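This note sets out several points for a colleague meeting the structure for the first time. Please read them with the sequence and the model at hand.

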Amino acid sequence: MAYLLYQGHGSFRLESRDGRAIYVDPFAGQGYDLPADLILVTHDHYDHNRTDLPARKPGCAQITWKEALEGGQYGQFSLGDIQIQAVPAANANHDPACCVGFVIQLDGLKIYASGDTSETPAMSGLLRDMKLDYALLPIDGVYNMGPKEAGRCAELLGARHTIPIHSCPSDDGKLFDAEAAEKFLAPGKLVVEPGQRLEL
């Protein structure tokens, strides 16, 4: 089985059934000891880009928003049978020219790492058409959309399960806000707390 370890804030780790590890927006929490095969960074804000944290396997690949937007196009990448598709991300605090989300396909699952975003046209088009299994959406309501807008985005996306993350600003010292997560309403909602490892 594949697993997701939520580390807190916008950071999480995916593990494929054959033991490959993908870190997304490393910054928060624990669990960086499993050597990475791939590190994904949605944008260059300090609370998403601590690429020094994960242990790395020899030849570990790294894809940031720079590679993902090379040539002005949203890129596609492969790590063996793991497929990565960069997709739009944007809001008042995040320039779409410097920010992406990623759809990660592994072990027959499609997982949307939204990065820091609010509603985008892709959510009701490209992303909905992908028939996502899991969507991880920010809900802090300060630098990103709040729980209500995130719930609307979850409806647009139509993912099988939606996980609220980035539930409070990193500068308040917390990794997770349970009250904000409770306010997020979406079909198939899963609340995952920092340090929790979820079987996908």
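1. Cavity. In this predicted model, a search of the whole structure finds one cavity of 30 Å³ or more. The space in the largest cavity comes to about 70 Å³. Its lining consists of 14 residues, and those nearest the centre are Gly 10, Asp 25, Ser 114, Gly 115 and Ile 165. Sorted by class, the lining comprises six nonpolar, six polar and two charged residues.

2. Asp 25, at the cavity. Asp 25, one of the residues nearest the cavity centre, is placed in the loop between S3 and S4. Its relative accessibility is 2%, so Asp 25 counts as buried, the limit being under 20%. The backbone here deserves a look: phi of Asp 25 is near 50°, a positive value in a residue other than glycine.

3. His 166. A positive phi also occurs at His 166, where the value is about 45° although the residue is not a glycine. His 166 belongs to the loop between S11 and H4. With a relative accessible area of 1%, His 166 is buried.

4. Aromatic pairs. How many aromatic pairs does a search of the whole structure find? There are three. A pair of aromatic rings is described by the distance of the centres and the angle of the planes. One of the pairs joins Tyr 6 and Phe 176 in an edge-to-face arrangement, with 6.4 Å from centre to centre and 75° between the planes. Tyr 6 is part of strand S1 (residues 3-8), while Phe 176 is in the loop between strand S11 (161-165) and helix H4 (178-183), so this pair ties together parts that are 170 residues apart in sequence. Tyr 6 has 0% relative accessibility and counts as buried; Phe 176, at 14%, counts as buried as well.

5. A further pair. Phe 27 and Tyr 46 also pair edge-to-face, with 5.8 Å between the centres and 85° between the planes. Phe 27 is in the loop between strand S3 (21-24) and strand S4 (36-41), and Tyr 46 is in the loop between S4 and strand S5 (56-64); the pair therefore ties together parts that are 19 residues apart in sequence. Is Phe 27 buried or exposed? Neither term applies: at 23% relative accessibility Phe 27 counts as partly exposed, because that class covers values between 20% and 50%.

6. A charge over a ring. Arg 197 lies over the face of Tyr 3, at a distance of 3.8 Å from the ring centre.

7. Asn 91. The loop between strand S7 (82-88) and strand S8 (100-106) holds Asn 91. Asn 91 has a relative accessible area of 16% and is buried. Its side chain takes part in a polar contact of 3.5 Å with the side chain of Ser 118. In addition, a polar atom of the Asn 91 side chain lies 3.2 Å from the backbone oxygen of Tyr 143.

8. Gly 108. Gly 108 is found in the loop between S8 and strand S9 (109-113). Gly 108 is exposed, since its relative accessible area is 77% and the exposed class begins over 50%. Gly 108 and Asp 81 are 27 residues apart along the chain, and their C-alpha atoms are separated by 9.9 Å.

Notes
Residues are numbered from 1 along each chain as its sequence is written. This is a predicted model: local features need pLDDT of at least 70, side-chain atom pairs count only at pLDDT 80 or more; totals for chains, interfaces and linings use all residues. Side-chain values use heavy atoms; hydrogens and water are left out. On a 1 Å grid over the protein atoms alone, a cavity is a set of points where a 1.4 Å probe fits but cannot get out, and a pocket is an open set with protein on both sides within 12 Å along at least five of seven lines; lining residues have an atom within 4 Å of a point. Grid points are joined across faces, edges and corners, and a volume is the space filled by probe spheres set on the points. Ala, Val, Leu, Ile, Met, Phe, Trp, Tyr, Cys and Pro count as nonpolar, Asp, Glu, Lys and Arg as charged, and the others, Gly among them, as polar. Rings of Phe, Tyr and Trp (its six-membered ring) pair if their centres lie within 6.5 Å; planes under 30 degrees apart count as stacked, over 60 as edge-to-face and the rest as tilted. Helices (H or I, at least four residues) and strands (E, at least two) are DSSP runs, numbered from the N terminus. Buried means under 20% relative accessible area, exposed over 50%, partly exposed in between (1.4 Å probe, protein chains only). A charge sits over a ring if NZ of Lys or CZ of Arg is within 6 Å of the ring centre and within 35 degrees of the ring normal. A polar contact is a pair of N or O atoms within 3.5 Å; within protein, one must be able to donate a hydrogen and the other to accept it, and residues adjacent in sequence count only if both atoms are side-chain atoms.
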